[in-house]
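Hi,

Here is the structure I promised to pass on. Have a look at it first, and my notes on what turned up follow below.

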Amino acid sequence: MNSKISVFQFYSILFLTRLLTTLTYIPSYTKEINVSDMIFQTLFRFVFGIIIMLPVFYLQEKYGKETSAQNGIYEKTKAVIFSFVFFYFSVATVARLDLFAGTVVFPETDVKFFLLFVVAFCAYGAFLGLMPIARSAVLSVLPVVLSLVFIVFALVKKIDFLNLSPLFYNGIEPLLKTSLNAVGRTVEYAVIAVFLPFVQGNAKKGFFIWMTVQTFVTAGIFFLEATVLGNFSQMQLFPVFTLASMAEFSFFQGLETIITGVWVLCAFLKISFLLYLQAKLITDAFKVKKTHVLAVLGLLLSAICLFVSGSVERFNLVDTSAIKLILVLVSVPLLSVFEIIKRGVKKCVKQ
Amino acid sequence: MVIYLKNWYEKKIDEITVPVDNAEEKVSIKLTVSENFKYIKSKLDPSFDVKYRTSEIGKIKFGFVMLDGMCNNELLTEQIMIPVLRYNYDSSDGEKVILTAADRISGSIDKSIQYELNTAIREMLSGNLLMFVDGSARAVLFGVQGFPKRNISEPDSETQERGSKEGFSESFKDNVALVRKRIRSPILKTEVLEVGTTSKTRVCVLYLSDRANEKTVKEVKQKIQNATLDICLGSGYIQPFLEGKVRSCFSGVGVTERPDVLTAKLSEGKVGIITDGTPDALFLPYIFTEHFHSLDDYLKKPYYATSIRLLKIAAFLISVFLPGLYVAICTFHQEVIPETMIFDICLQESFVPLPIMAEALMMHVVFEIVREAGLRMPRSVGNAVSIVGALVIGDAAVNAGLVAAPMLIILGLTAVSSFVIPSLYDVSSVLRFILIIIGGLAGFYGIMIAFAAVLVNMSAIEPFGVPFTSPLSPTKLGAWRDLIIRTDWKKLGANRLNTDRLDK
């Protein structure tokens with residue numbers, strides 16, 4: 001990975017990709033806790049996020065300047081693990097988009113064609129490389145934020161604090177479990193772990209700012225859900241979409257189209273970025289042609305998503321919180337700890 | 001499979017085309033006039049417009065070759081022929097005579113000595129007078145061009161309210177002079193190159209030596225020299241060779257018909273390219289925000305100029321997205337439209353037998369046909385096309401129930417908006433059709449995917465290392481005062497923009 005992007009560009013991509021996870025959140029995963037607790041869940045997630053990222057930053061701090069052989073077995077294994085993680089999350093993102101398109105946007109239409117369309121465009125985005133994706137993310141941040149602010153303003157008069165339920169009504173354990181699940185849904189930690197050496201600027205400071213901003217944004221979205229929809233949000237497939245459809249401002253009504261736009265834009269950037277990372281990791285580790293890798297990945301992604309499309313059972317297979325959590329925990333803290341030990345031992349042997 | 005198809009298609013191309021060969025043999029100038037004439041005749045005969053003349057003064061034999069209609073006869077006679085042929089030469093040595101004739105006798109400043117015959121022929125074909133002397137292995141070229149040319153007039157496609165009314169013409173030297181007269185400084189450099197194996201078109205690379213990136217200048221010259229072209233009839237022939245590898249409908253090379261605009265771009269460190277016979281100039285690197293600039297912005301009050309720029313951005317967005325969005329909203333997202341409006345639209349559209357996507361496509365195709373006809377046909381019948389177009393597209397189509405009135409409003413608004421930024425017309429026209437189809441098939445969802453793909457494609461363009469989307473992304477806030485908004489000259493004047501710093 002030779003290209004370097006600025007901290008701002010890097011965290012702009014991560015802001016949008018994480019925002020997508022929040023916007024497409026499905027309450028059935030968090031049945032155990034009530035919606036008001038979801039606001040506080042973001043704080044716990046913040047803490048968990050910092051904890052699992054500590055080894056990554058330690059590794060970067062201590063051995064960041066040292067380069068390791070790209071063709072070593074460990075490097076190859078690492079590339080395969082991360083590629084698998086990113087591929088799994090790509091599949092989950094496309095599958096979620098398919099679920100959304102198939103149930104909300106075009107409930108009576110077969111959306112398989114659109115899936116292929118999306119994957120093809122995303123593969124094209126990945127083919128163009130890192131810089132175009134990073135620049136597009138920076139260009140998209142402002143319109144996305146403005147759209148969200150507009151929707152929030154359009155929802156202000158619908159806020160009803162009576163919709164809030166008692167906090168920690170079911171105890172603290174479901175809250176911790178949900179927070180951990182939320183960490184598992186954050187592929188961005190794995191992205192940071194693999195991409196940190198290629199970011200220009202103060203990545204640590206950027207990470208804290210990004211964590212804080214996304215915690216506030218997520219908490220804000222859950223607050224709106226809790227106060228506008230109340231427990232009704234737990235019955236929705238995509239509560240954020242329902243929220244947007246309730247928004248009204250002057251003669252503007254049904255602002256779900258705006259949220260769809262934000263969603264699709266973020267999904268495009270996320271899938272493109274993840275495909276780019278996979279292609280780059282495989283290309284660097286196995287010295288194969290990037291276009292060939294992207295073609296194979298695109299075909300594989302399309303095939304799996306076509307298989308998943310239209311079936312909730314199959315969707316659950318590719319969008320399981322437990323699997324995601326395991327993947328994130330293995331790829332981020334465990335691999336980093338292993339690498340710290342490995343490098344430490346190597347250093348001792350040398351001495 | 002793809003590789004097989006590619007190879008198959010390349011074979012088909014080879015069957016019908018001949019590769020352009022840039023190589024040209026080098027031939028030294030012969031020692032006798034007759035030998036030189038023989039060689040030139042072997043190359044140029046039977047061209048009626050090539051005139052040969054030999055004159056003998058004592059033992060000295062002179063040979064002249066010129067192209068009829070390309071030289072100024074008055075200048076040629078008074079400044080070259082009379083002084084050269086009436087002079088008393090004190091030596092009969094060919095080398096001495098030719099140097100005396102070139103340096104001391106002729107009154108012409110524009111002259112050059114050539115040792116290679118094919119280059120000399122090429123120069124002669126550009127309107128120079130070619131002179132040989134027996135016993136000399138060199139030729140003298142006198143710049144006495146006088147071919148017919150159009151006067152300098154106001155550009156058609158870049159009209160301004162204020163400022164200069166001069167535009168580029170087809171004359172190469174006049175175009176360079178128009179820039180030169182605006183920058184009376186030695187830092188303006190003008191280098192001439194040749195493009196086209198057959199046409200040997202002159203191309204001038206202009207830049208300000210104190211601010212243009214040396215690497216960019218070098219790269220531009222290299223790309224022009226490496227351009228494999230048989231003929232070059234306009235700057236558009238060279239443009240693709242200067243663009244990057246990314247395939248896009250946007251271009252990293254700007255075009256202008258105005259010498260003042262080119263001058264302004266050169267002052268920002270850009271490189272200009274003037275092509276012989278073309279009434280426009282290219283400049284690069286060119287970034288997206290520059291599409292929304294015009295010289296009027298800098299001649300008017302900043303607040304007005306800024307608001308006009310925002311208006312232009314809105315017009316571009318309307319011209320690209322409005323029809324697609326209308327089709328998407330009417331087909332899939334009716335809930336977005338306020339209730340009072342949706343009833344009216346539904347009522348009007350219910351009389352139309354076609355689906356909205358087909359209706360939109362049909363109307364835009366008709367509009368493009370009318371526009372193209374208006375552009376190509378003789379001006380005397382242009383009004384007839386306008387009337388027929390207006391009647392067919394407008395009144396008759398609505399009365400016949402083929403088109404709904406709201407669609408006409410959308411078409412009108414889109415058409416007018418697309419003319420606000422002529423440099424983006426091609427882009428908006430192509431994208432509009434694509435978005436109508438995607439909007440009709442995949443709704444807003446599809447439009448957003450297409451928008452994202454266009455955004456990434458745009459972001460991938462990097463003309464000579466400067467990102468096309470700069471200063472928006474990468475964000476260069478310092479450049480916003482000129483490229484996004486327009487601040488006062490009191491602030492702009494003190495610090496000039498350096499294009500080089502928009503990179504990374």
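Let's start with a hairpin in chain B: β4(B) and β5(B) form it, with 5 residues between them. In the turn, B:G135 has a positive phi of about 95°. Bear in mind throughout that this is a predicted model.

The two arms of that hairpin run antiparallel, and 4 bridges join β4(B) to β5(B), which covers residues 139–143. If you want to find the pairing on screen, B:N128 stands opposite B:G143, and B:L130 has B:L141 as its bridge partner in β5(B).

On to β4(B) itself, residues 128–133. How many of its residues are buried? The count is 6 of 6, so to speak a strand that is mostly covered. B:N128, B:L130 and B:F132 point one way, while B:L129, B:M131 and B:V133 point the other way, and all of them are buried. That fits the usual pattern: in a regular strand, side chains alternate between the two faces of the sheet.

β4(B) also pairs with β2(B), residues 60–67, again in the antiparallel sense and over 4 bridges. Here B:G63 is the residue that stands opposite B:F132.

Zooming out, these strands belong to an open sheet of 5 strands in chain B, with the order β1-β2-β4-β5-β3 and antiparallel pairing. The edge strands are β1 (50–57) and β3 (111–114), each of which pairs on one side only. On average, neighbouring strands of the sheet are turned by 20° against each other, ignoring direction. There is a helix to look at here too: α2 of chain B (residues 33–44) lies across β1, β2 and β4, and runs at about 20° to β2(B).

One residue I'd click on is B:F132, in strand β4 of chain B. Is it buried or exposed? B:F132 has 30 other C-beta atoms within 10 Å, and the cut-off for buried is 20 or more, so B:F132 counts as buried. Setting aside neighbours within four places in sequence, B:F132 is in contact with B:V33, B:N36, B:G63 and B:A139. Its C-alpha atom is also 8.9 Å from that of B:I29, although the two residues are 103 apart along the chain.

Now for chain A, where I looked at a pair of helices. α1(A) (residues 7–23) packs against α10(A) (residues 256–286) at an angle of about 125°, with the axes 9 Å apart. The two helices are therefore oblique to each other, and α1(A) passes α10(A) in a left-handed crossing. From α1(A), the residues involved are A:I13, A:L16, A:T17, A:L19, A:L20 and A:L23. They meet A:I259, A:V262, A:W263, A:C266, A:A267, A:L269, A:K270 and A:F273 in α10(A). By class, the residues of this contact divide into 12 nonpolar, 1 polar and 1 charged.

Last, the two chains touch each other: the contact takes 25 residues from chain B and 27 residues from chain A. On the chain B side there are 16 nonpolar, 8 polar and 1 charged residues.

That's the lot from me. Shout if anything is unclear.

Cheers

Methods
Residues numbered from 1 in each chain as written. Chains lettered and ligands numbered in written order. Predicted model: local features only at pLDDT ≥ 70, side-chain atom pairs only at ≥ 80, totals over all residues. Buried ≥ 20, exposed ≤ 12 C-beta atoms within 10 Å, placed from the backbone. Pairing = 2+ DSSP bridges. Axes fitted to C-alpha atoms, helices over the stretch in contact; angles between N-to-C directions. Parallel < 35°, antiparallel > 145°, perpendicular 65-115°, else oblique. Left-handed = near helix turned anticlockwise from the far one by under 90°. Contact = placed C-beta atoms within 7 Å. Nonpolar A, V, L, I, M, F, W, Y, C, P; charged D, E, K, R; others polar.
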